[in-house]
Structures are given as structure tokens and as C-alpha cells.
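Subject: Structure handover

Hello,

Here is the structure you are taking over. Please open it next to this message and follow along.

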Amino acid sequence: MKADLRDFTLCAADSANIALTVRAFNQALENCNFGDVLFFTHAAVEGPFRTVKIDKLTRQRYRHFRLKEVTTFIDTPFALFIEWDGYVTEPRAWDPKFREYDFIGAR
């Protein structure tokens, strides 16, 4: 059963592992329903998301983008960021109480 996360925008920002990030989107979308899906990248890429063109990301630019710039693109109350090596694999682990926190990360 898919987790109902229609009040979330699923996001990723990547310039280095694009094909693997597309794979992560596909995996996450197999497990959850989202309100919106955005891929921030410099590359021309197709997939189950809307592509938002940005300048190529460096490590420093990535941090700044995630903390300062990305909020202007998100219209849902919440955002879930994935990376090529970190994405939703077990939708039954979702707890609605997660909405009460500003940030939830890996242990």
C-alpha cells in the first residue's frame, strides 16, 4: 500500500548522479503518492517529475540551494528530499507525526 503524502512535494537536487537520482524518484513513487514532484538539475532529463533548471551544483552550492533557494519552488505544506542513495523504500514506516518536525533525517 502506498503512503498518502499528497501534502508533500518530493524533491531532489543533483548534478552528479542524475541517472541514479531518476531511479530514486521511481522507487519513491512506487511507494508513495505525492502532491508534486520536482527535480532540480542543470541537465536535460525526463522522468516522473517536473524538471526545474538550475545552475550546475557544487557541494557548497548544493547546501545553499537546499537551505535557502528551494522553498520558492514548493507549493505544498511539506517537502521530502531524496538523494540518489536515500529515498523511500518502506512506506509502512511512515508516521503522520513526522509532520510535526522541521527536519527528519537518517539515524
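In which sense do β1 and strand β2 (residues 32-41) pair, and over how many bridges? The two strands run parallel, and eight bridges join them. Please keep in mind that this is a predicted model.

**The sheet**

One of the bridges between these strands links T9 to D36, its partner in β2. To get from β1 to β2 the chain passes through helix α1 (residues 18-31), and this β-α-β crossover is right-handed.

β1 also pairs with β4, again in the parallel sense, over four bridges. Here C11 has F81 in β4 as its bridge partner. On the other side of the arrangement, β2 is joined to β3 by four bridges, and these two strands run parallel as well. L38 is bridged to R50 in β3.

Put together, this gives an open sheet of four strands in the order β3-β2-β1-β4, with parallel pairing. β3 (50-53) and β4 are at the edges and have a single partner strand each, so one side of each has no neighbour in the sheet. From one strand to the next, the twist averages 30°.

How much of β1 is buried? Eight of its 11 residues are, so the strand counts as mostly covered under the cut-off of 20% relative accessible area.

**The aromatic rings**

The model has nine aromatic pairs. One of them is formed by F8 and W94, which meet edge-to-face: the centres are 5.4 Å apart and the angle between the planes is 90°. F8 lies in strand β1 (residues 3-13), while W94 is in the segment after β4 (78-81), so the pair ties together parts that are 86 residues apart in sequence.

The two residues can also be described by their accessibility. F8 has a relative accessibility of 5% and counts as buried. W94 has 24% and counts as partly exposed. Both residues belong to one aromatic cluster, made up of F8, F78, W94 and F98.

Another ring to look at is that of F81, the bridge partner of C11. R66 lies over the face of F81, at 3.8 Å from the ring centre.

**The cysteines**

How many disulfides does the model have? The count is zero. A disulfide is a covalent bond between the sulfur atoms of two cysteines. For C11, the closest cysteine sulfur is that of C32, at 13 Å, which is too far for a bond. The reverse also holds: the closest cysteine sulfur to that of C32 is in C11, at 13 Å. For comparison, the cut-off for a disulfide is 2.5 Å between the sulfur atoms.

Are these two cysteines buried or exposed? C11 is buried, with a relative accessible area of 0%. C32 is buried too, at 2% relative accessibility.

C11 lies in strand β1. One further distance involves this residue: the C-alpha atoms of C11 and T72 are separated by 13 Å, and the two residues are 61 residues apart along the chain.

**Where to start**

I suggest beginning with β1, since most of the points above pass through that strand. From there, T9 leads to D36 in β2, C11 leads to F81 in β4, and F8 leads to W94 through the edge-to-face pair.

Regards

Methods
Residues numbered from 1 in each chain as written. Predicted model: local features only at pLDDT ≥ 70, side-chain atom pairs only at ≥ 80, totals over all residues. Heavy atoms only, no water. Phe/Tyr/Trp six-rings, centres within 6.5 Å; stacked < 30°, edge-to-face > 60°. Buried < 20%, exposed > 50% of the residue type's maximum accessible area, 1.4 Å probe, protein only. Lys NZ or Arg CZ within 6 Å of the ring centre and 35° of its normal. Pairing = 2+ DSSP bridges. Right-handed = clockwise from strand over helix to strand, strands pointing away. Axes fitted to C-alpha atoms, helices over the stretch in contact; angles between N-to-C directions.
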